[in-house]
Amino acid sequence: MDVRAAVAFEAGKPLEVTTVQLEGPRQGEVLVEIMATGICHTDEFTRSGADPEGLFPAILGHEGAGIVREVGPGVTSVEVGDHVIPLYTAECRECEYCLNPKTNLCQKVRTTQGQGVMPDGTSRFSIGGKMLHHYMGTSTFANFTVLPEIAVAKIRKDAPFDKVCYIGCGVTTGVGAVVNTAKVEPGSNVVVFGLGGIGLNVIQGAKLVGANMIVGVDLNPERKAWGEKFGMTHFVNAKEVGDVVPHIVELTKGGADYSFECIGNTTTMRQALECCHKGWGESIIIGVAGAGQEISTRPFQLVTGRVWRGTAFGGARGRTDVPKIVDWYMDGKIQIDPMITHTMPLEDINKGFDLMHHGESIRGVVIY
Ligand code: NAD
Ligand code: AHE
Ligand code: ZN
Ligand code: ZN
């Protein structure tokens, strides 16, 4: 079938909105009509060429919500008409990783996903007979996409697509990093580096679990009001204080119990670790850094009890946890609407990337 898609033909170039061809679902796959998709900084990371795994030409996008329109042979867990959120971290419930409670990183389709193809090694997308790569197994910058059934979470039908698409990455990543990965205890002091689409969700997660101080760090002074909307108690403008590490240690009277890096910058990753409390502070890396970049610190930081960890998709097991997060939103336990600052048709998707670059949007959402 012909579908409308924003194609990344080359690294560093704007996306081109055009008609592409999509083959129907094969064994264990589903065809999903994407109703809305958020634009996450990770899409920009890959579009820019900074992703070592980035492949071109590709259809990017990984923060969608939609409706199952066709199922391939052997599909048992969803049916036509189901509302779903695509999962870039699948959940097969039978691989070594799914069976280990310590991780959410299902590996069943990870290798082919990283190669930009479906589990059988081929792509469903093409243009004029030339193959296009899938992206993160989701490719939500197309109004229809094909996914393995283990890479969709079935959600309730009364949830609005243009809001819950954000649960496909940003909301789950931020809230999940607090709840699943760090397991922040009530009364903890939390420091969040980067108050964008992910960091604000870390803040609302920290508030949800009853954190004490919630300190936000950003270079953009307008992010102070944004952080405060979701429970931030103190703002640090990294441009205005000299060295942020002693500043935060002083502010928190000894250091953070938990810090979260939500930027993807190796300098702030180091600061986030080093502002943690001696003896027990844990720093969680969420941001993804560009090809070739490395983190460093003095080993003594770890010897003296600080812990460095990372998280993908907030440690969430998608098919199990995403429907619950949709319920949290529908029950008013977490907020999404105010963070979706801009919506646009697919034709204007490059404007969504511009708004992100200029620090004007928290989340831009494409509505098909
Ligand atoms: P964003 O662009 O919305 O937000 C980034 C924020 O960081 C902005 O507020 C910006 O002003 C601030 N910032 C930039 N440089 C800074 C600096 N040096 N010091 C302080 N603040 C600075 O991005 P996002 O969508 O929130 O994504 C954040 C990061 O998280 C990206 O690297 C993205 O790829 C990554 N991410 C990771 C996961 C995961 O599962 N691990 C999931 C989603 C996104
Ligand atoms: N090449 C990667 C993109 C980089 C990355 O680290 N992706 C994160 C999710 S960021 C979402 O905004 C991730 O989940 N990584 C776990 C993994 O197994 O890659 C990609 O996903 O293509
Ligand atoms: Zn994302
Ligand atoms: Zn698995």
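Biologist: How far apart do the C-alpha centres of domain 1 and domain 2 lie?

Modeller: The C-alpha centres of domain 1 and domain 2 lie 28 Å apart. This is a predicted model, and the domain assignment of the chain gives domain 1 as 2-168 + 336-367 and domain 2 as 174-311. The contact takes 12 residues from domain 1 and 10 residues from domain 2.

Biologist: What makes up the side of domain 1 that touches domain 2?

Modeller: Helix H1 (41-48) gives the largest share of that side, 3 residues. By class, the residues of the side divide into 7 nonpolar, 3 polar and 2 charged.

Biologist: How do you know where the largest core lies with respect to domain 1 and domain 2?

Modeller: The largest nonpolar core has 109 residues, and Ile59, Val164 and Val192 have the most contacts inside it. Strand E3 (residues 29-39) gives the most to this core, with 7 residues. Domain 1 and domain 2 both give residues to this core, so it lies between them.

Biologist: Which residues is Val164 in contact with, leaving aside its neighbours within four places in sequence?

Modeller: Val164 is in contact with Ala65, Ile85, Ile155, Ala159, Val326 and Tyr329. A contact here requires C-beta atoms within 7 Å.

Biologist: Why is Phe313 called buried or exposed?

Modeller: Phe313 has 24 C-beta neighbours inside 10 Å. The cut-off for a buried residue is 20 or more, so Phe313 counts as buried. Its place is in the loop between strand E15 (307-310) and helix H10 (318-330). The phi of Phe313 is near 50°, a positive value in a residue other than glycine.

Biologist: And why is Lys253 called buried or exposed?

Modeller: Lys253 has 9 C-beta neighbours inside 10 Å. A residue with 12 or fewer is exposed, so Lys253 counts as exposed. Lys253 is found in the loop between helix H7 (244-251) and strand E13 (258-261), and its phi is positive, near 55°.

Biologist: What makes a positive phi or a cis peptide bond worth a remark?

Modeller: Most residues other than glycine have a negative phi, and most peptide bonds are trans.

Biologist: Where is the cis peptide bond?

Modeller: The peptide bond from Phe56 to Pro57 is cis, with omega near -5°. Pro57 sits in the loop between H1 and strand E4 (64-71).

Biologist: What makes helix H5 largely enclosed?

Modeller: In helix H5 (residues 199-208), 8 of the 10 residues are buried, so the rest of the structure largely encloses this helix. The buried residues are Gly199, Leu200, Asn201, Val202, Ile203, Gln204, Gly205 and Ala206. Those residues pack against helix H4 (170-182), strand E10 (190-193), strand E11 (214-218), helix H6 (223-229) and E13. After H5 comes Gly210, with a positive phi near 85°.

Biologist: Which residues surround ligand 2?

Modeller: Ligand 2 is surrounded by Cys40, Thr42, Asp51, Glu53, Thr89, Leu105, Arg110, Met136, Cys169, Val288, Ala312 and Phe313. The shell divides into 7 nonpolar, 2 polar and 3 charged residues.

Biologist: How do you know which residues the feature "domain: Enoyl reductase (ER)" covers?

Modeller: The range comes from the record: UniProt, in an unreviewed entry, places that feature at residues 12-367. Over residues 12-367 the chain is 25% helix and 22% strand, and the end C-alpha atoms are 24 Å apart.

Technical notes:
Residues are numbered from 1 along each chain as its sequence is written. Chains are lettered from A and ligands numbered from 1 in the order in which they are written. This is a predicted model: local features need pLDDT of at least 70, side-chain atom pairs count only at pLDDT 80 or more; totals for chains, interfaces and linings use all residues. Helices (H or I, at least four residues) and strands (E, at least two) are DSSP runs, numbered from the N terminus. Two residues are in contact if their C-beta atoms, placed from the backbone, lie within 7 Å. A nonpolar core is a set of buried Ala, Val, Leu, Ile, Met, Phe, Trp, Tyr and Cys residues joined through C-beta atoms within 7 Å. Domain bounds come from an automatic or database domain assignment. UniProt positions are given in the numbering used here, feature names are shortened, and annotations may be inferred rather than shown by experiment. Ala, Val, Leu, Ile, Met, Phe, Trp, Tyr, Cys and Pro count as nonpolar, Asp, Glu, Lys and Arg as charged, and the others, Gly among them, as polar. A residue is near a molecule or strand if its C-beta atom, placed from the backbone, lies within 6 Å of it.
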